[in-house]
Structure formats: C-alpha cells, structure tokens
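Ready to work through a few exercises with a structure you haven't met before? Take a look at it first, then try each task before reading its solution.

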Amino acid sequence: MNFVVNGLILGSIIALGAIGLSLTTAILNFYNFAHGASLLLGAYMGYTVLHSFLPRLGLEGSTFPYLSFGFPMIIAIVGSMILTAGIVILIDRFVYKPLRDRGSGPLILGMSSLFMALMIRNLVRTIWGPDIHYYSHQIQMSRTLPFGIKVTPDQLFIIGFTIILVVLTQLFLKNTKMGQAMRAASDNLDLAMVTGIDTEKVVIWTWGIGTALAAVAGVLYGINVQLRPMMGWYFLLPLFCAVIIGGEGNFYGAMAGGLTVGLAQEVGTPLLQSLFDSLNLTVSMTGYKPAIAFILMVVVLLVRSYREE
Amino acid sequence: MKTIFGLLTPTDGTVILNDEDIGGLKPNQIVRKNMSYVPQTSNIFTSLTVLENLNMGAFIREDDYSDRIREIFQIFPKLEGYKKQYAGKLSGGEQQMVAMGRALMLEPTVLLLDEPSAGLAPNLVDMILDKVKGINETGVALLIVEQNAKDVLEISDRGYVLAMGRKEYQDTGQGLLENDEVGELYLGG
C-alpha cells in the first residue's frame, strides 16, 4: 500500500514537469531535452533563495507545524519559479528563437536543447558543487494513516501543493485569453497564426508557465529526496514517457501520464522484485526503476493508434 | 490562397488589398488589414469549445466583442446551442460554420474561403453557400476557391478559371456558366 503513496508522490512531481513539456512539445514542435534541466535548475534556485537570499533578509528558521520547513520555503518556491522561468525564457530568446527564425527543424532544435541540458547540468555542478544538498537536515517521522499507510507531513504537502498548482494552471488555460491561445496554438499552430494570435507571445508564456511548473517539481523532489546535479537527467525519461502516454499538448493527458509513470515505477519495481525473488534470481530491481518507464513508453508507442495529420 | 494570406512567400507578382501591397506580410499582420481566411482543412481548434474558437478569432481585439458573438450566432443560429461543446465533436457542416464564424469575428471586409464545400454532403453545401451569400449581403467581399464551381458561380459576381496556375477565363459568374467553352472544359458540359 505504501508503494502506492510513494508512486503518487513521484507521480505528482512527474506530472508537474510533464505539463510543461507537453505544452512546449506541441507548440514549439520539438522535443525539449532541457526540460529535465529546468527541474534541476528549479531545485537549486530554490536552494539558493532559501539558504542564501532569505537569511540575509532575516527570514529563516521558522517552520510550519509538522513540516520540515516554514514560510521561507514558500517564498523559495515562488522565487525559484520566477528565476528559472526567466532563465529559460532568455535561453529561448538567444538560442531557440534565432534557430526558429532561420527555419530550423525539430532535429536541430532538439539537439540544441540537448546541449543546453548538458550545459545547465555542468553549470549547476560548477556553481553548487557535485555533492548532495538538502533543504533541511531535519529528520521527519512518518505518520501512520488508516490502512497502514505511512507518510510524512512533507509528502502530504507535496501532493496538496501539486493539486493546487494543477487546478490553478487548468483555470488559467481555460479562462484567460492567453491560456486559451496557448491551447489553440498547441491544437493547431498554423490556424493560430492565420487567426491573428501572436504566436511569439504565446511561445514566451508557454516557456514561462511550463518552466515554472518544472521548477516547482524540482523543489518538491528536493524536499522529498535530495538535490544532486544528475536529478534533471534522471527525470527526462519519465517526463517524456508521461508526455507520450498522455498525448502531446494534452493537459489532462500529461497529468494522467505523470501519475501513471510514477505509480508504475514505484509499484512495479517491488512487484518485479518479489517476482524475481520467488524465482530465486539474484537481481536487484532498484537500479531499473527508469527501465519501467521506458518499457511503458515502448508499449504505449506500439499500441497507440495514430492520428493522421 | 496561402500566398495571399502570408503563409507562403510570393515568388512573383503582388498582392494588393485596398491599394496597399500586402505581399510578404505575416498572417498576424494581415488580419489587422481587415482580411480573414478560412483554410480548407483543419480550420477549427478541435480541442476548444465553439465559444473559445470565436474568442480566438477575436484575439487581436481589445474591445468588448460580445455583440459580435451575438451577431455570429444570428448568422449561424445552430452554433449558439453548441457554444460549450468542443468544436471537434461537431459535424462537418457545423465545423465549417465554426470556421467561418471564427474568421468573421474581426468584422473583415474581405473573407477568403478555401473550398468551403469540400467533404460536405450536397444538402449541406447548399446551406453553407446560402450562408456565404448572406455574409456577402452584409457587405463582406468574398474570395472563394472551389472545385464545386457550378454552385459557387451561381452566387458569384465575378469568376476566374485558373489552369496550371494561369488565368484562362474571366467573366461574371453567370457569364462563365453560360460560356460553352468553359462549360465543356471545366464544368463537365
């Protein structure tokens, strides 16, 4: 039962990341391999705001009841969203936009995003060091809920915060002009252009919203586990898997895909482990978690029916 | 038609609208010149509701355009009942109405229609062409590319026959219909 809770937590984090990736894939028509790096950057930006900026303003130390962090963490999350989104929008202006204007295809854009991912990862390693970081060194006791579910208050916060953000994003996409334009552009970019929608503005908003959500996902992962320079890279496969399962540009699809991948990884691993154990095979499954996402993606690609364009 | 609307760059010739050369302008600049375009295929946002499609048609409008939406629903009364429906769930004829409604949101003086009757059942073709005539009577000039030439020529003031990209015949709609040569070569007798 606890695997399910772990799956939901990981799934929430993947879902937040996948929403942004799904939107950029559909609107910009390339696979942004640097989206994992947005999670990474978000997590470390949060760390810097929390441990470098806020203490100078005298904001530190206080914690919410039960949680391992307090109000400064909320400021750190918001700060990380703004900073990370700003950096990625700048990258778009200086790297992807010139390429788009020159008519570069998805392959060129995808490859340059791969280089951006490597650059960001190594910059993070240079600036913050290769060691593992934690937002808080406090050890949290997990509490036992009905049905024997063990969960820490932090983990409940992660799920709750994700739900709030998903609802807010959905309201934005549904009820604002820019949100509707983002959906329109991801539905049919050519038509969006002939309709007069300012697609460049839509692109900036898409990067902004998608990256801000990824930044939160990075911080939430940091709260739940730890911060390390490779975390963005490890998220890339589950993120793409979630987007492909959910369908590019599909908001609910990305969410459902994220939860599916998270659950499959956390529930599938122990299930396969016990299967191998019962067959007396000495295989340790823990290293193969991402493989489950990969297998899932391959199965979906094989089974899914394709829309004709 | 794609060239007129700035999706393709003209290699030769000029595109003139109201004495202004608009050749080479981008689509989002052209819509500000009071010209709208309904592409032949994928001309609606399928994952948006009918109302959202109309909102997108008015994307560049900063003013309150609720009156315009009411007018569109007067032209296409059927759409009002479906305004909260996803446009992709509507029938072909209804989708064509959404597409034209979307293009009319900017109150264009010129409307480009690319094969408005393509893929529609014959009775729907008549209905759509009726609407086209109605739109024209409200003072909108229409430029229509159509394979189903007979029906459209009947309601056209002017007609042009293009063959291999060159203009072969030019006359009033009625004139082309009565032209024996055009009839034999292009309209199937």
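A residue counts as exposed when its relative accessible area is over 50%, as buried when that area is under 20%, and as partly exposed in between. Keep in mind that this is a predicted model.

**Exercise 1. Work out whether A:Asp101 is buried or exposed, and find its salt-bridge partner.**

Step one: A:Asp101 has a relative accessibility of 54%, so it counts as exposed. Step two: look for a charged partner, since side chains of opposite charge can pair when their charged atoms come close. Here the partner is A:Lys97, with N and O 2.8 Å apart. Step three: check where the two sit. Both belong to helix 3 of chain A and are four residues apart, about one turn of the helix. That spacing suits a pair, because residues three or four places apart in an α-helix point the same way.

**Exercise 2. Check whether the length of helix 3 of chain A agrees or disagrees with its number of residues.**

Step one: count 31 residues, from 71 to 101. Step two: at 1.5 Å a residue, the helix should span 45 Å. Step three: the end C-alpha atoms are 43 Å apart, which agrees. Now follow the helix along. It bends by about 40° at A:Asp92, and A:Asp92 is also part of a salt-bridge network with A:Arg93, A:Arg100 and A:Glu200. After the helix comes A:Gly103, which has a positive phi near 80°.

**Exercise 3. Compare two salt bridges in chain B by how accessible their residues are.**

Start with B:Asp63 and B:Arg61, whose closest N and O atoms are 3.1 Å apart. B:Asp63 is partly exposed because its relative accessibility is 42%, while B:Arg61, at 15%, is buried. Next take B:Glu71 and B:Arg68, with closest N and O atoms 2.7 Å apart. These two lie in helix 3 of chain B, three residues apart. At 36%, B:Glu71 is partly exposed, and B:Arg68, at 11%, is buried.

**Exercise 4. Describe the second largest pocket: what is its volume, and which residues are closest to its centre?**

Step one: the volume is about 1600 Å³. Step two: 41 residues line this pocket, and the closest to the centre are B:Leu143, B:Ile144, B:Val145, B:Arg158 and B:Tyr160. Step three: sort the lining by class, which gives 26 nonpolar, seven polar and eight charged residues. Step four: see which elements contribute. Those of chain B that each supply at least two lining residues include helix 6 (122-137) and strand 5 (141-145).

Key. Residues are numbered from 1 along each chain as its sequence is written. Chains are lettered from A and ligands numbered from 1 in the order in which they are written. This is a predicted model: local features need pLDDT of at least 70, side-chain atom pairs count only at pLDDT 80 or more; totals for chains, interfaces and linings use all residues. Side-chain values use heavy atoms; hydrogens and water are left out. The expected span of a helix is 1.5 Å times one less than its number of residues. The bend at a residue is the angle between axes fitted to the seven residues ending there and the seven starting there. On a 1 Å grid over the protein atoms alone, a cavity is a set of points where a 1.4 Å probe fits but cannot get out, and a pocket is an open set with protein on both sides within 12 Å along at least five of seven lines; lining residues have an atom within 4 Å of a point. Grid points are joined across faces, edges and corners, and a volume is the space filled by probe spheres set on the points. Ala, Val, Leu, Ile, Met, Phe, Trp, Tyr, Cys and Pro count as nonpolar, Asp, Glu, Lys and Arg as charged, and the others, Gly among them, as polar. A salt bridge is a side-chain nitrogen of Lys or Arg within 4 Å of a carboxyl oxygen of Asp or Glu. Buried means under 20% relative accessible area, exposed over 50%, partly exposed in between (1.4 Å probe, protein chains only).
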